[in-house]
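Trainee: I have the model open and would like to go through it with you. Could we take it one question at a time?

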Amino acid sequence: MRILLKNANAVLKEGTQLVDILIENTKIVKIDTNIETNAERVIDIEGQLVLPGLIDVHVHFRDPGQTQKEDVVTGSHAAARGGYTTVWTMPNVDPVPDTAEKMKKMVEHNRSKSIVHIEQYGSITKKRTSEELVDFKALKDAGAIAFSNDGNGIQTAEVMYEAMKQIKALDLPLAAHVEDESLMQHGVMNEGDTAKQLGLPGISELTETAQLARDLEIARNTGVHYHVCHVSKARSVELIRRAQRDGVNVTAEVAPHHLFLDETMITMDNPMMKMNPPLRTLKDRQALLSGLLDGTIGMIATDHAPHTVEDKTGSMKTAAFGITGLETAFSLLYTKLVKSGICTIEQLVQWMSSQPAQIFNIQHAGELKSGEIADLTVMNVDTQYKIEKKDFASKGVNTPFVGQQVYGRTELTMVAGKIVFQRKGQN
């Protein structure tokens, strides 16, 4: 099928330009002005933004084992509704994909149920404990594209050292959830004055920074591609920056909620503000943005973590950690960063598409280009709208951003030339 997108304000490698985009079957075949063609379908974009499909290397779809929170079907529809065409799912599911048999089954299930490109992390250790390592090569052969124990940190240096050596030999990334559990002390929010005022147990910054410092030295020794998940501390940014200057193969991501929320915004015992890592200080939030702008942090990832209403009801002491993000990320980022003049739309596309593709070696993604796979999204950045629970495709509505007025609504998402999401009224 031939589809022509006319009058697209396309974010291209050379800049944002008003063009037509011709798609045939799965690929973009031409990007030019005033394309004449006998396409079966012509869609007038009317000057709206067209971006390369967004990429999120850190999502939780809870499938298998916790499908009351999310499953591959609802998760992938949430991704498409948010403009994402590629997602990488974490292995904290039940059963954990820690054997080749489990990995193959999970990969097949993901790809049969998802409407977007979906790739699967393998776990670093069996059952995601900090003890016995998995057979990394067998998992890679079965479809694992990287390894992580996300949801938990690796608690012993010996296990992390052996994991890094073996994963380096396979030339795959290791994505680390840095958290020293011995320092958690049953905390539920950032340790500091706000926690004291609310009478809630705090989480020390050392839970993140101490384990990160350890891992960076092991990564320096092994040469593995070490990727730091959901960075939350100013000190972490500085540690990563210094390691990069020293030649350590380390990359990092930041989540939108850590860019836009901090502990001062927690004015009551509110489970919607409970996430891990926790919301830190204003100083930390500013350092994360600086790290993003100077390139220390290479990408934005949502850490999409859906929960049931019951899981996020009551006190922060008992509620689950986590926040959804796939359906709100672009709008929040565009509104708070691009419209405010902090960054350009081209920079935002770098962080949400181009650089994840480059850093994680995702082929045929991250750029609108003739000859490439037609993964793209159309965004309406001119009309303000309100984030509302009723509009979510995800089963999870656990986000404190509900009710905010934002710009940057997804109008259409295309995966390999197929329209997988289209807002009603889009011709």
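Trainee: Happy to start with a side chain. Is K390 buried or exposed?

Mentor: Keep in mind that this is a predicted model. The relative accessible area of K390 is 63%, and the cut-off for exposed is over 50%. K390 is therefore exposed.

Trainee: Which side chain does K390 meet in a salt bridge?

Mentor: The N to O distance of this pair is 3.9 Å, and a salt bridge needs the nitrogen within 4 Å of the carboxyl oxygen. The partner has 29% relative accessibility and counts as partly exposed. That partner of K390 is E388.

Trainee: Which residues do salt bridges with shared partners join into one network?

Mentor: By the same 4 Å rule, the model has 22 salt bridges. Where such bridges share partners, they link residues into one network, and its members are E238, R241, R242 and D294.

Trainee: How many residues apart are D141 and K137, which both lie in helix 3?

Mentor: Their side chains meet in a salt bridge, 2.9 Å from N to O, and D141 is exposed at 56% relative accessible area. Helix 3 covers residues 136-141, and the spacing of D141 and K137 is about one turn of the helix: four residues.

Trainee: D215 also takes part in a salt bridge. Is D215 buried or exposed?

Mentor: The partner of D215 is R214, at 2.8 Å from N to O. Buried means under 20% relative accessible area. D215 has 0% relative accessibility, so it counts as buried.

Trainee: How do helix 6 and helix 7 run relative to each other, roughly parallel or roughly antiparallel?

Mentor: Two packed helices are described by the angle and the distance between their axes. Here the axes of helix 6 (residues 206-222) and helix 7 (residues 234-245) come within 9 Å and cross at roughly 10°. Angles under 35 degrees count as roughly parallel, and therefore helix 6 and helix 7 are roughly parallel.

Trainee: How many residues of that contact between helix 6 and helix 7 are nonpolar?

Mentor: Helix 6 brings E208, T209, L212, A213 and L216, while helix 7 brings R235, S236, L239, I240 and A243. Two of these residues are polar and two are charged, and the nonpolar ones number six.

Trainee: Let's turn to the annotations. Why can H58, H60, D150 and D303 be said to gather at one spot?

Mentor: The unreviewed UniProt entry annotates H58, H60, D150 and D303 as "binding site". They span 246 residues in sequence, so being together is not a matter of sequence position; they gather at one spot because no two of their C-alpha atoms are more than 9.9 Å apart.

Trainee: Which of those annotated residues is in contact with H58, leaving aside neighbours within four places in sequence?

Mentor: H58 lies in strand 6 (residues 54-59) and counts as buried at 0% relative accessibility. Its contacts include W88, M90, C229, H230 and E253. From the annotated set, the contacts of H58 include D150 and D303.

Trainee: What is the phi of D303?

Mentor: D303 sits in the loop between strand 15 and helix 10, where it counts as buried at 9% relative accessibility. Its phi is positive although D303 is not a glycine, with a value of about 55°.

Trainee: UniProt also lists F61 and F321 under "binding site". Is F321 buried or partly exposed?

Mentor: F61, in the loop between strand 6 and helix 1, is buried with a relative accessible area of 3%. F321 is in the loop between strand 15 and helix 10, and its contacts include N276 and H307. At a relative accessible area of 27%, F321 is partly exposed.

Trainee: N276 belongs to that UniProt feature too. Which residue does a cis peptide bond join to N276?

Mentor: Omega of this bond is about 0°. The partner is found in the loop between helix 8 and helix 9. The residue joined to N276 is P277.

Definitions and conventions. Residues numbered from 1 in each chain as written. Predicted model: local features only at pLDDT ≥ 70, side-chain atom pairs only at ≥ 80, totals over all residues. Heavy atoms only, no water. Axes fitted to C-alpha atoms, helices over the stretch in contact; angles between N-to-C directions. Helix = DSSP H or I, 4+ residues; strand = E, 2+ residues; numbered from the N terminus. Parallel < 35°, antiparallel > 145°, perpendicular 65-115°, else oblique. Contact = heavy atoms within 4.5 Å. Nonpolar A, V, L, I, M, F, W, Y, C, P; charged D, E, K, R; others polar. Buried < 20%, exposed > 50% of the residue type's maximum accessible area, 1.4 Å probe, protein only. UniProt positions renumbered as here; feature names shortened; annotations may be inferred.
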